[in-house]
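Trainee: Please take a close look at one part of this model for me: the place where the two domains of the longer description meet. I would like the setting around that part as well.

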Amino acid sequence: MKRVVITGAGTINALGRGVPATFEAMREGRCGIGELDFRDVERLAIRIGGQVKGYEPEETFNRQQLALYDRFTQFALIAAREAIAQSGLEFHGDMADRSGVVLGTSGGGLTTQDENYRSVYEEGKNRVHPFVVPKLMNNAAASHVSMEFNLRGPTFTVATACASSNHAMGLAFQMVRSGACPAMITGGAESMLCFGGVKAWEGLRVMSKDACRPFSANRNGMVQGEGAGVYVFEDYDHAKARGADILAEVVGFAMTSDAADIVMPSKQGAARAISGALRDGKIDRDEVGYINAHGTGTAANDKTECAAVADAMGPQADRLMISSTKSMHGHCIGGTGAVELLACIMALRDGVIAPTIGHEEFDAECALDVVPNEAREADVSVVLSNAFAFGGLNAVLALRKV
Amino acid sequence: MSVKDKVIEIIAEQAVLEPSDVTMESTLEDLGIDSLGLVESIFAIEEAFDISVPFNANEPEQSDFDISSVSSIVAGIEKLVAEQTA
């Protein structure tokens with residue numbers, strides 16, 4: 001079994017473009033959620049989201065690329081470029097043949113679908129652009145990353161709704177740990193902030209019209225975000241031999257299925273995933289100092305998640321910190337675990353715990369240290385990242401300071 | 001069909017019961033309607049009457065719409081329909 005380390009990180013999300021900008025926003029507890037801006041937004045009941053603003057695709061990609069890159073692919077490439085540049089890795093020969101890309105996404109090229117359905121159904125056009133299919137497919141982002149960086153090994157996309165990124169990163173971790181791959185590019189990307197994307201979510205009646213307030217007694221729902229997080233997972237010996245800067249070690253991963261309900265979360269399923277990640281990483285639960293929560297800000301998730309953490313962590317649940325950065329960048333759905341892993345790396349590397357902002361009222365059903373509103377300095381050696389998806393699919397990663 | 005009869009018909013269909021088995025005193029829990037069933041019933045009611053029901057599944061008790069029993073739901077819908085035609 002190989003040890004697995006993270007040697008590069010990249011992101012674009014509502015808090016900023018790049019890891020330094022995102023860390024700064026998380027440290028300051030800045031909110032990236034605001035008024036949504038896209039066509040037909042006035043026909044929505046929910047008009048807020050964690051939208052990436054001030055981003056002009058033409059400044060990064062040329063016309064030919066944009067004809068093929070849906071917004072979620074653009075986000076994935078921007079994040080992958082930053083992560084791979086930081087790692088200093090180049091992919092040639094055997095290294096290229098054995099390294100690949102596993103990315104999570106839920107909606108894939110949803111914006112492309114939305115625009116083209118509008119064009120044929122609403123506008124009555126009978127012709128669509130020839131690249132609609134390669135642009136909208138869920139694996140487009142992973143494929144374009146592999147093409148840009150000559151990654152010729154195992155490459156695919158994982159779609160498990162809100163746990164997609166954690167499942168993707170967990171698989172990449174297992175592939176490097178097993179020795180099958182010297183390095184994997186992994187994480188996730190999502191861009192669902194278009195009329196059809198938000199309209200579909202409105203239907204479930206779980207969205208907030210004003211703010212995402214995880215763990216706060218007056219929380220009233222989730223807020224969607226968008227963006228990408230991409231990492232380089234590398235064999236520790238390989239990274240060490242080339243003198244790479246190591247951001248953190250990935251030590252454990254577990255996934256479970258509730259096998260119960262298509263939308264309501266289960267305490268047992270979540271707790272089994274948390275305990276499983278500890279067991280997989282041979283981690284004593286008293287070592288865990290921080291958990292990046294799934295923390296959606298819905299009534300159901302937050303109380304179930306706190307109960308699951310209390311069950312799985314025992315007395316340590318009252319000593320550790322747990323926060324939801326969705327309060328700042330929104331719920332990035334299939335990309336959310338990847339964006340949130342940044343908070344885990346910041347905790348281990350910089351000793352800064354990202355806050356749960358928008359926390360206004362204590363909730364007895366969420367009676368853990370949720371790091372309300374202000375970031376905190378703390379020395380932590382092991383952190384967890386939770387993701388619990390619709391469909392009852394749970395995926396938890398464990399990281400350790402190197 | 002009255003608003004009351006139409007609402008009962010929708011709730012009965014969701015509960016897989018005959019409308020005659022749904023009383024005004026019944027709660028959704030009595031009828032075996034869970035949170036997804038509730039959201040689906042509200043959608044069907046909105047479509048039937050072309051209204052918008054102010055209901056957020058995260059804070060049912062704080063919504064302007066009372067779902068504690070069939071009679072409170074019927075009263076809420078009657079009010080919304082009246083407001084719409086007014």
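Mentor: Helices, counted from four residues up, and strands, counted from two, are DSSP runs. With that in hand, over residues 1-81 of chain B the chain is 49% helix and 0% strand, and the end C-alpha atoms of this stretch are 14 Å apart. The model is a predicted one. UniProt, in an unreviewed entry, places the feature "domain: Carrier" at those residues, 1-81 of chain B.

Now to the part you asked about, which is in chain A. The domain assignment splits chain A into domain 1, residues 4-241, and domain 2, residues 252-400. Their C-alpha centres lie 21 Å apart. Domain 1 of chain A puts 63 residues into the contact, and domain 2 of chain A puts in 56. On the domain 1 side, the elements that give two or more residues are the helices α1 (19-28) and α8 (164-177) and the strands β1 (4-13), β7 (183-190) and β8 (227-235), each of chain A. Of these, α8(A) gives the most, with eight residues. Sorted by class, the side of domain 1 of chain A that touches domain 2 has 29 nonpolar, 28 polar and six charged residues.

The contact between the chains can be described in the same terms. Here eleven residues of chain A are in contact with nine residues of chain B. The chain A side of that contact consists of five nonpolar, four polar and two charged residues.

Terms used:
Residues numbered from 1 in each chain as written. Chains lettered and ligands numbered in written order. Predicted model: local features only at pLDDT ≥ 70, side-chain atom pairs only at ≥ 80, totals over all residues. UniProt positions renumbered as here; feature names shortened; annotations may be inferred. Domains from an automatic or database assignment. Contact = placed C-beta atoms within 7 Å. Nonpolar A, V, L, I, M, F, W, Y, C, P; charged D, E, K, R; others polar.
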